[in-house]
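Here are some notes on the structure, set out as numbered points so that each can be followed in the viewer. They begin with a helix and end with the shell around the ligand.

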Amino acid sequence: MTVPARDRIRPALPDDAPAMARVFAAAIEGKAACSYGPRERAAWIARGSADRLAAMVEDPDHNLFVAEAGPGPTGLTGLAGLRGCEVSLLYTAPLAAPGTGARLLRAVESLAREIGLEGLTLNASRNALAFYLAQGYAVLRLANRPLPGGVSLPVCLMAKTLAP
Ligand SMILES: CC(C)(COP(=O)(O)OP(=O)(O)OC[C@H]1O[C@@H](n2cnc3c(N)ncnc32)[C@H](O)[C@@H]1OP(=O)(O)O)[C@@H](O)C(=O)NCCC(=O)NCCS
């Protein structure tokens, strides 16, 4: 029997930033094109530049994880983040092993429990709404995420209570 490959989840390192930016852009182009137009996607992708992600990795208030299928920059397949009580980032490359997004989210939730958080919030993109519902998040309300260039991304504010 073949056991499906599982990408390793580990804390992000500063050197990961360029590969994280590539995954960020590939996730949006590969998985969000049905929900957002080219202008919205371009403004969204610009928020995941290598410089900005490197600053997030260095930020002690921001906990970032990556998934990797193998060594080197091309082995990186996903990223996730926790800042305060918010899931700040969750992106997987189109070729990531099935389940990578769910496992990254579980890593964020485990850390949240460890540091004593009782619940998490997030702004779900339209394309990710069904994914988050399946992961136990509930819709609070529709919202808009302002992006540079006067673009506003319609999203959905969601929350989940964490069992101890
Ligand atoms: C949302 C995202 C992180 C999910 O990660 P993923 O690696 O594709 O998801 P997984 O493979 O872990 O899927 C887990 C389960 O959710 C389901 N699922 C995944 N994406 C789904 C979607 N868009 N709609 C419905 N179900 C979905 C899978 O089928 C799987 O179900 P199963 O457990 O019954 O087999 C990923 O699709 C992504 O990067 N999207 C683009 C960027 C984005 O919108 N990020 C969220 C920002 S808020």
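**Notes on the predicted model**

1. In helix H3, the residues Leu 53, Met 56 and Val 57 are buried. These three cover an arc of only 100° around the axis, and they therefore lie on the same side of H3. Please bear in mind throughout that this is a predicted model.

2. The face of H3 that is turned away from its buried side carries Asp 51 and Glu 58, which are exposed. On the buried side, the cover over the buried residues includes H1, E2 and E3.

3. The largest nonpolar core has 38 residues, and those with the most contacts inside it are Met 20, Val 23, Phe 65, Leu 79, Ala 80 and Val 108. Two or more residues each are given to this core by H1, helix H3 (50–58), strand E2 (62–68), strand E3 (76–83), E4, H4, E5 and strand E7 (151–161). H1 provides the largest share of the core, with 7 residues.

4. Ala 80 merits a separate look: when residues up to four places away in sequence are not counted, Ala 80 touches Phe 65, Leu 89, Leu 90, Leu 104, Leu 105, Ala 107 and Val 108.

5. Strands E3 and E4 pair in the antiparallel sense over 6 bridges, and Leu 79 has Tyr 91 in E4 as its bridge partner. The hairpin of E3 and E4 has 2 residues between the strands, and in this hairpin Gly 84 takes a positive phi near 60°. Strand E4 is mostly covered, since 5 of its 7 residues are buried.

6. Ala 97 is placed in the loop between E4 and H4. Is Ala 97 exposed, partly exposed or buried? Ala 97 counts as partly exposed because it has 16 C-beta neighbours inside 10 Å, whereas 20 or more would be needed for a residue to be buried. Although Ala 97 and Asp 7 are 90 residues apart along the chain, their C-alpha atoms are separated by 6.6 Å.

7. Around the ligand there are 21 residues, of which Ala 27, Thr 92, Gly 101, Ala 102 and Ala 130 come nearest. The elements that give two or more residues to this shell are helix H1 (17–31), strand E4 (86–92), helix H4 (100–114), strand E5 (119–125) and helix H5 (129–134). By residue type, the shell divides into 13 nonpolar, 7 polar and 1 charged.

Terms used
Residues are numbered from 1 along each chain as its sequence is written. This is a predicted model: local features need pLDDT of at least 70, side-chain atom pairs count only at pLDDT 80 or more; totals for chains, interfaces and linings use all residues. A residue is near a molecule or strand if its C-beta atom, placed from the backbone, lies within 6 Å of it. Helices (H or I, at least four residues) and strands (E, at least two) are DSSP runs, numbered from the N terminus. Ala, Val, Leu, Ile, Met, Phe, Trp, Tyr, Cys and Pro count as nonpolar, Asp, Glu, Lys and Arg as charged, and the others, Gly among them, as polar. A residue is buried if 20 or more other C-beta atoms lie within 10 Å of its own, exposed if 12 or fewer, and partly exposed in between; C-beta atoms are placed from the backbone. A nonpolar core is a set of buried Ala, Val, Leu, Ile, Met, Phe, Trp, Tyr and Cys residues joined through C-beta atoms within 7 Å. Two residues are in contact if their C-beta atoms, placed from the backbone, lie within 7 Å. The arc is that of the directions from the helix axis to the C-beta atoms. Two strands pair if DSSP finds at least two bridges between them.
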